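Okay everyone, thanks for coming. I'd like to walk you through a structure that's new to most of you, so have a look at it first.

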Amino acid sequence: MLQQILDQVVEVSKQAGAFIRQERQKFDPSKIEYKGLNDMVSYVDKTAEQIIVKGLEQILPEAGFITEEKTRTDLGERYNWIIDPLDGTTNFIHGIPSFSVSIALKEYDELVLGVVYEVNLDECFYACKGEPAYLNGEIIRVSDRDNVGTSLIATGFPYYDFSKQGDYMALFTELMQKCHGLRRLGSAAVDLAYTACGRFEAFYEYNLNAWDIAAGVVIVRQAGGDVVNYTGGDEVMESRQLLATNGKITGELLGIVQKYF
């Protein structure tokens, strides 16, 4: 059942992605709205979410929705979709080509399916419980690098809650000196997808929302990686702390992170 649902969700993500790609060619920055400090939204986010919701309603009518733009907010008893219609809105607005569609399915309290569609590269990452993770039909696995020193690591920068900025920058400084390099793409969903396919060895960030990470969490785990919070537990959405790795550098990297968080 999950595999059949997954195939349909992939198509829905691509429909939304096609709309986003089309609108990027003619986007008017004057149509930006602000939900909060540096928290932007446009008609593209909202319309893409409506496209996704409409498609998902046909696939699993009994499911509820947890959506970033709040176009649907009713919760289901067993199933709930978790949707970010445009992860990387700031990149989109500024014309930087790294943004994605992110769709996950939660059954009761368990994430069981995830799709991340990177719009610009036409790369669709997807996975469901009990099956491998895929990129455009090919099975993907996390990388096999086994130490931080040879790892390329992704992160995200705080953009509205700066209460932990000092600790964050201290961690950033230490990792800068210890790993192959640090990257900040601007889409947590893409960062997780790239960790799943071995482009990054790890991704860490704090204060993320469920819709930013839910799909990517599924994909990383099904690709053989670890996703934990900063105490090493599995509750990443509840704690709003996330460390995703290839599974081989989890202990070493978690030890560094825990110096500051």
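Let's start with G64: its bridge partner in β4 is N80. Keep in mind that this is a predicted model. That G64–N80 bridge belongs to the pairing of strand β3, residues 64-67, with β4, which runs in the parallel sense over four bridges.

Now, β4 has another neighbour to talk about. β4 also pairs with β5, this time in the antiparallel sense and over seven bridges. If you want a spot to find that on your screen, take Y79, whose bridge partner in β5 is E107.

So how many of β4's residues are buried? Nine of its nine, so we can call this strand mostly covered.

That brings me to the nonpolar cores. The largest one has 39 residues, and V9, I20, L56, W81 and L113 are those with the most contacts inside it. Who contributes? At least two residues each come from α1 (2-24), α2 (43-59), β4 (79-87), α3 (89-94), β5 (100-107), β6 (110-118) and β7 (123-128). The largest share is from α1, which brings nine residues. As a general point, nonpolar side chains in soluble globular proteins tend to be buried together.

Let's zoom in on I20. Which residues does I20 touch, leaving aside those up to four places away in sequence? They are V44, A48, P85, L86, F92, F99, V101 and V119.

And there's a second core, separate from that one, with 35 residues. Among them are A133, A154, A193 and F200. That's my tour, thanks!

Technical notes
Residues numbered from 1 in each chain as written. Predicted model: local features only at pLDDT ≥ 70, side-chain atom pairs only at ≥ 80, totals over all residues. Heavy atoms only, no water. Core = buried A, V, L, I, M, F, W, Y, C linked by side-chain atoms within 4.5 Å. Buried < 20%, exposed > 50% of the residue type's maximum accessible area, 1.4 Å probe, protein only. Contact = heavy atoms within 4.5 Å. Pairing = 2+ DSSP bridges.
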